[in-house]
Amino acid sequence: MRLKYRFQDREKQHRARGQSWVNTHRSDLYRIRPPKFTSAALAGSFLYSFWVKGPGVGLLGFSKGGEVSLAMAAFLKNIMAVVSLNGPVAATCIPLCYKDKTIPTLTLYEHKAKATNSKILDYSDVLDDPFQAPGNQSLIPLEKAEAQFLFIVGQDDRVVKSEYYATEVCKLLQAQGKENFQILSYPGTGHCIDPPFFPLYPIGSHPVFHKRAVLGGELRVYSKAQVHAWSQIQAFFKKYLIVK
C-alpha cells in the first residue's frame with residue numbers, strides 16, 4: 001500500500017511540473033498529457049518512478065506499455081533491454097512524437113469487430129497492417145535502437161496480432177544486419193500475460209473501445225506460459241543489465 005501512495009505522489013509531482021506520467025506495465029494505467037513524448041516525459045517519469053541505478057535502463061511493457069517501451073528504446077539513450085508483452089510495434093491510438101519526429105497512428109476500423117456466439121466482440125482484425133501500409137510510416141523505428149529486445153507473444157492474442165508483429169519486425173531488423181532480438185511465442189496464451197499465479201482473463205474490457213471483448217487464452221497452457229515467461233524475463237534482464 002505504501003508503494004501505491006508513493007506512485008500517486010510521484011504522479012502529482014510530475015503534473016505540478018507540467019510533465020507527463022507513463023506507467024509501462026499495464027495499458028489501462030498509462031496517462032499521456034499532452035499526447036506528445038519528450039525525453040523529460042519519458043525518461044524522467046521512468047527514472048523517478050523506479051529509482052534506476054544504471055548504467056543502463058531496462059523496460060518491461062505490456063500491450064500499450066510495450067509500444068511505449070519500444071518507442072523509448074528507439075528515441076532515447078541508455079536503454080539497454082526491452083521486454084514487450086503482446087505489444088504493438090507501431091503507433092496505435094495516440095501519435096508517437098519526439099522532438100521533430102511524429103509517427104502517425106494505424107487506422108482503427110471498429111466495424112471490423114466480430115461478435116462471438118456469446119455476443120462478446122473479437123477485435124483482432126480492426127487495425128491496419130503496419131507492414132502493408134505504404135512506407136510503413138506507423139512503424140516504430142527499432143533499427144535505431146541500441147537495446148536488446150525480447151518479444152513475448154501469445155498465439156491466441158485477440159487484441160493485438162502480437163506474434164505476427166514480432167515476427168515481421170524481427171525480419172526487418174535481420175534484413176538490416178541486426179541480431180538484437182528474441183521471440184518467445186506461447187500457444188493457447190491470450191493478450192494478458194501476467195506474472196505467475198495471476199488469474200486468466202480470457203474476456204475483458206477492450207482498452208480502446210471499452211466494450212466486452214475476447215482477450216484469448218486457455219487456462220492450463222496459460223499457467224505454464226506465465227511461469228516460463230517470468231523466468232525468461234528475469235534471465236534476460238540479468239544478462240543485459242547487471243554489470244559483473
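**Questions on rings, a core and confidence**

Me: Are Phe131 and Tyr165 buried or exposed?
Reply: This is a predicted model, in which local features need pLDDT of at least 70 and side-chain atom pairs count only at pLDDT 80 or more, while totals for chains, interfaces and linings use all residues. Residues are numbered from 1 along each chain as its sequence is written, and side-chain values use heavy atoms, with hydrogens and water left out. A residue counts as buried under 20% relative accessible area, as exposed over 50%, and as partly exposed in between, using a 1.4 Å probe and protein chains only. By this rule Phe131 and Tyr165 are both buried.

Me: What kind of pair do the rings of Phe131 and Tyr165 form?
Reply: The whole structure holds 8 aromatic pairs, where rings of Phe, Tyr and Trp (its six-membered ring) pair if their centres lie within 6.5 Å, and planes under 30 degrees apart are called stacked, over 60 edge-to-face and the rest tilted. The ring centres of Phe131 and Tyr165 are 6.4 Å apart and their planes meet at 50 degrees, so this pair is tilted.

Me: How many residues apart in sequence are the parts that Phe131 and Tyr165 tie together?
Reply: Helices (H or I, at least four residues) and strands (E, at least two) are DSSP runs, numbered from the N terminus. Phe131 belongs to the loop between strand E6 (121-122) and E7, whereas Tyr165 belongs to helix H4, so the pair joins parts whose separation in residues is 34.

Me: Which residues touch the most other members of the largest nonpolar core?
Reply: A nonpolar core is a set of buried Ala, Val, Leu, Ile, Met, Phe, Trp, Tyr and Cys residues joined through side-chain atoms within 4.5 Å. The largest such core has 51 residues, and those touching the most other members are Ile79, Phe149, Phe151 and Ile152.

Me: Which element supplies the largest share of this core?
Reply: The largest nonpolar core has 51 residues. Among the elements that each supply at least two of them are strand E1 (57-62), helix H3 (64-75), strand E7 (148-154) and helix H5 (219-241). The largest share, 7 residues, comes from H3.

Me: How far apart are the end C-alpha atoms of H3?
Reply: All of this helix is covered, since 12 of its 12 residues are buried, including Lys64, Glu67 and Phe75. The expected span of a helix is 1.5 Å times one less than its number of residues. For the 12 residues of H3 this gives 16 Å, which agrees with the distance between its end C-alpha atoms, 17 Å.

Me: What is the relative accessible area of His206?
Reply: His206 is found in the loop between strand E9 (203-205) and strand E10 (212-214). Contact means heavy atoms within 4.5 Å, and, not counting residues up to four places away in sequence, His206 touches Tyr123, Val159, Lys211 and Ala213. His206 is buried, and its relative accessible area is 5%.

Me: What is the relative accessible area of His210?
Reply: His210 is likewise found in the loop between E9 and E10, and it has a positive phi of about 55 degrees although it is not a glycine. His210 is exposed, with a relative accessible area of 59%.

Me: Which element has the highest mean pLDDT?
Reply: The predictor's confidence in each residue is its pLDDT, from 0 to 100, and the protein averages 81. Over residues 1-48 pLDDT stays under 50. Among the elements, helix H1 (residues 2-16) has the lowest mean, 41, and the highest, 98, belongs to E7.
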